[in-house]
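Thanks for making the time, everyone. Could you pull up the sequence and the model so we can walk through them together?

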Amino acid sequence: MEFLQNNLLSVILWLPLLGALPIFLLGKRFEYTAKCIALFTMLIDFGLSVLLLFSFDFQNPGFQFVEKRLWIDSLNSYYFLGVDGISILFIPLTTLTTLLCITISWDSIKEKVREFYLALLFTNIAIVGTLCALDLLLFYVFWEAMLIPMYLIIGIWGGPRRIYSTLKFFLYTFFGSVFMLIAIIYLFLKFGTFDYTKLLGVPLGGLTEKLLFLGFALAFAIKIPMWPVHTWLPDAHTEAPTAGSVILAGILIKLGAYGFLRFGLPMFPHAAQEFAPLLLLLSVIAIIYGGLACLAQDDLKRLIAYSSVSHMGFVTLGIFAFNPIAMKGAILQMINHGIVTGALFMCVGIVYDRTHSRAISYYGGLASVMPVYATFFMIFTLASIGLPGTNGFIGEFLILLGTFFTNKLLVVFAALGLIIGAGYMLWLYQRVFFERVNPNIEGLAPLRVNEFLSLLPMLVLVFLIGLYPKLFLDYMTTSIEHLLNNLRF
Amino acid sequence: MTIELNFGVILSEILLLLVGCFIFLFDRFFKNKGYAFWLTLLSLLIASGVLLISPFGGFTLSYQNDFFSIVFKFIVLFGAFLVVILSKNYLTYHSQLNYGEYYGFLILSLIGAFLMLSSMDLITMYLSMELMSFPVYLLIALNFAQQRKSLEGSFKYFLAGAMGSVFLLLGMGLVYSATGSLFFMQIAQSLFGKAELTYVLLGFLFILAGFSVKMSFVPFHMWAPDAYESAPLPITSFIASIIKFVVIACLIKLLMVAFIPLKAKIGQILIPVVLLTILIGNVLAIKQDHLIRMLAFSSIAHAGYAGLGLITGDLIGYSFTIFYLWVYLIMTIGMFSIAVFLANYQKDLLYIPKLSGLSQISPGLSFLTLIFMFALAGIPPTAGFMGKFYLFIGLVKSGYIWVAILAVLFSVIGAYPYLRVLKFIYMEKTEETFSYRWEPGVWFPVSITAFLTLLIGIYPKPWVDMVYRTLYLYLTFLFYPY
């Protein structure tokens, strides 16, 4: 028990590896066992990450559950983990998403089953590692290692254009992160450490700081993705299998925004402030552009993918407004987007498994064929629009409120994005679920148990955050104040 | 000056030479050629044991056993050990090649590599480089029975090597006329405090050109794809990993010991060469459909990456270069073991599109390929990433940020060919199937290299330290012996 208390983050991080080992060693005949092992592992992992939530100290603005061991001493690099109010919520979100990815793919993945669950477990390790790592080298290793399982998930189990999409995804993100690598090496050589907490206070400034910030920002902007480097996202999200889309939309693209919050702003405060107007502008462009692009789509997944571009625009807007309320909203919006978009991708995956079509025009009148499913979809649609009472409302409201203090004009344009959002989501709902029943979809099987169980936690979270956001906002308050205070020196 | 004749220090070479001669002389008396394999393997093991206990010191002024040579001979022995094991398996399936001489030539080449690592004057270095290369030309040509093209590959390699030798000799002549000596230490002494270096620099550039052929630096890289493709696969891995390792290690020795004042200058000159090597290797690898040709171009690019450590002209950069070569040696031998496995079952499996759906047939093999491919592409947590990471650290440290940025950008291009191989293996389907057996001749080298690839990727420290300490101690003992 004491071991668990001292190494909780490491246990959460490496537990999936323990589960991966028997799956790896099992023969081809044991696919069902492999699935069960993966599910069981992620259940425990999720349980532990909830335990992490409960043992978090709200008043402490610094890092908690810190583990620091020497890794490469000639480079002064440590195996250094820790979470604070900014990152803590993402860890249960990640483990939950992976868990639900396992349940939603229970029947739909039919070939290379063991490999699929292995890839999911490794993705989970890489993402949790990225979220906890406080040593820049360790962070980079996890950040890059994430590409390997994602490359396979999209490329092996994806749709018809999966190979093009996965190569695009890989090369695009790889291109972005190599500049970050050079920036990290520069920081190390200048200050002799990879330790994030030590690098926070270092004096930079001038051109160096700007260039370093840009090095990091390119990697993060591609991952988020911000306009105009978003072009990999519609392809990757569309062609990925359901679980792949859920992971991509649910957590992977949040890592870019997390990177800005964790590294971009605190390490390069002056450069961040200098570039903020540009990034704010790009955010608003992303909001409007993403929304308009959604209106033109006839592909369910592509539409939701573009809506991600729009929603992530809100997140970056909240981050670069440099306002505690907006920043809280941004983090909450990341969680919301992870839940809602993840759930929407699951919903699309559910009908795709039955019909193998993603075209909106293929559907129609689905509400009378799959009523329970239609209810779920309706709630997630409304949450995506930001209806009061759902989580989407809280996030977007906080972002707009906070940004209003700093830049009123931008809020006007961003709010326009909300209206477009309502437009494309409701129109989508109308075309797919109402109108005449399309003969293509008559007699579709109702929701299966695993699908119902995968959607249910998301539904609960939609209302939990929507009705009682304090529960989640409390985690961030101290850390965000701390962050913003440091920005204004 | 006394000339020492201490046979103790040169014992491992003598041993290998005796074994090589035995194979050449008595091969006719053995019906079953398996003896040569076991004899070679045994002699490699004994040679490593002898190396372990052999004393430091010189054998005449031209040969010296020291930290540098012993540690790097161990690396070479490790690589050769895997190559020999691989050869046994390869020869079982390609019986036209099954001569005792195959191992004899391999041992001769190995002696050349050993002598080159120990050489202390230019003539010995030149001769041992030829000793290392000639058996390899012959080994490629030996493949003639099953692949007509091998004669072309062998001849190309030979001509390129001959051209390199001409450059090397010319350079040695220039250096001799400028310094009056061919011994490293004496060259160093005569260059000490000397202001006018143009003549020596010119000489060294020719030497560098001669070495560039073996290292496959642009513009001396064109022999590589043909030679690689036509050689027996274990020999290809030998050319790609061990010969490159030895030649670059010796180049570093030259720069550290003999031509000290030229270090910085040579580094400057190498910048465009190295960058072009990386770029051309990576770009040309994109369109290759033959796995071995792809690996040949990737090998060119990797030689370029290793060359990044030479730019800075300091001990740290050199040790990173050698570390990278060590990592590359592991990855290459691993990848070629997989190629041997494929070639054993179906020759045309070496065409990348034919690899479609390999993961359905052999998930284990595909997974190992995955490790090596991502390692070659330089993605963490594999050794390939750590090797590149250290090289970039060396570059940024000396202020060559722009070189590092260009190199890192080229590595994005370079990722594509490896991803393409994985694309076929994992993302395409196949109807065909073939049955296979995991034989120790393949799984031993593959698993040991895959394990090292991951181990070094996760915990690179002891290996980097080892290389750095070797170079450091070597220089300390050479210049400040007590």
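Let's begin at Thr60(B), which sits in the loop between β1 (57-59) and β2 (63-65) of chain B. Before I go on, keep in mind that this is a predicted model. Phi of Thr60(B) is near 55 degrees, a positive value, and the residue isn't a glycine. Is Thr60(B) buried or partly exposed? Its relative accessible area is 27%, so Thr60(B) counts as partly exposed.

Now hop along chain B to Ser216(B), in the loop between α8 and α9. Here too phi is positive in a residue other than glycine, near 55 degrees for Ser216(B). The surroundings of Ser216(B) are another matter to look at: its relative accessible area is 0%, so it is buried. That loop has something else in it. Pro219(B) lies in the loop between α8 (198-215) and α9 (223-230) of chain B, and the peptide bond joining Val218(B) to Pro219(B) is cis, with omega about 5 degrees.

Chain A has a cis bond to show you as well. Which peptide bond is it? It's the one from Ile224(A) to Pro225(A), with omega near -15 degrees. Pro225(A) is placed in the loop between α10 and α11 of chain A. Look for His230(A) in the loop between α10 (206-223) and α11 (232-239) too. His230(A) has a relative accessible area of 3%, so we call it buried. What does His230(A) touch, once residues up to four places away in sequence are set aside? The answer is Pro225(A), Tyr289(A), Tyr306(A) and Val309(A). So that cis proline, Pro225(A), is one of the contacts of His230(A).

Staying with chain A, have a look at helix α12, residues 242-252. How many of its residues are buried? The count is 11 of 11, and the helix is mostly covered. The buried residues run from Thr242(A) to Leu252(A), with Gly244(A), Ser245(A) and Gly250(A) among them.

Back to chain B, and Met172(B), which belongs to helix α6 (residues 149-179). Its relative accessibility is 5%, so Met172(B) is buried. Leaving out neighbours within four places in sequence, Met172(B) is in contact with Leu122(B), Ile123(B), Tyr126(B), Leu182(B) and Ile207(B). Try finding Phe206(B) from there: Met172(B) and Phe206(B) are 34 residues apart in sequence, and their C-alpha atoms are 8.0 Å apart in space.

Next, a helix pair. The axes of α12 (residues 291-311) and α16 (residues 383-397) of chain B come within 8 Å and cross at roughly 35 degrees. That crossing of α12(B) and α16(B) is left-handed. On the α12(B) side, the contact uses His302(B), Tyr305(B), Ala306(B), Leu308(B), Gly309(B) and Ile311(B). From α16(B) come Lys388(B), Leu391(B), Phe392(B) and Leu395(B). Sorted by class, that's seven nonpolar, two polar and one charged.

Now for the empty space. The largest pocket holds about 1400 Å³. Which residues lie nearest its centre? There are 46 lining residues, and Leu17(A), Phe122(A), Phe367(B), Pro381(B) and Leu454(B) lie nearest the centre of the largest pocket. Elements giving two or more residues to the lining include α2 (8-25) and α5 (113-132) of chain A, as well as α15 (363-377) and α18 (440-458) of chain B. The lining of the pocket splits into 37 nonpolar, five polar and four charged residues.

There are also five cavities of 30 Å³ or more. The largest cavity has a volume of about 80 Å³. Its lining includes Tyr140(A), Glu144(A) and Phe174(A), and also Lys388(B) and Phe392(B). You've met those last two: Lys388(B) and Phe392(B) are part of the α12(B) and α16(B) contact. By class, the lining of the largest cavity has eight nonpolar, two polar and two charged residues.

Last stop: the second largest cavity, at about 60 Å³. Among its lining residues are His311(A), Gln333(A), Asn336(A) and His337(A). Which helix gives the most to this lining? It's α16(A), with five residues. And the classes here are two nonpolar, eight polar and no charged residues.

Key:
Residues are numbered from 1 along each chain as its sequence is written. Chains are lettered from A and ligands numbered from 1 in the order in which they are written. This is a predicted model: local features need pLDDT of at least 70, side-chain atom pairs count only at pLDDT 80 or more; totals for chains, interfaces and linings use all residues. Side-chain values use heavy atoms; hydrogens and water are left out. Axes are lines fitted to C-alpha atoms, for helices over the stretch in contact, and angles run from 0 to 180 degrees between N-to-C directions. Helices (H or I, at least four residues) and strands (E, at least two) are DSSP runs, numbered from the N terminus. A crossing is left-handed if the near helix is turned anticlockwise from the far one by less than a right angle, and right-handed if clockwise. Contact means heavy atoms within 4.5 Å. Ala, Val, Leu, Ile, Met, Phe, Trp, Tyr, Cys and Pro count as nonpolar, Asp, Glu, Lys and Arg as charged, and the others, Gly among them, as polar. Buried means under 20% relative accessible area, exposed over 50%, partly exposed in between (1.4 Å probe, protein chains only). On a 1 Å grid over the protein atoms alone, a cavity is a set of points where a 1.4 Å probe fits but cannot get out, and a pocket is an open set with protein on both sides within 12 Å along at least five of seven lines; lining residues have an atom within 4 Å of a point. Grid points are joined across faces, edges and corners, and a volume is the space filled by probe spheres set on the points.
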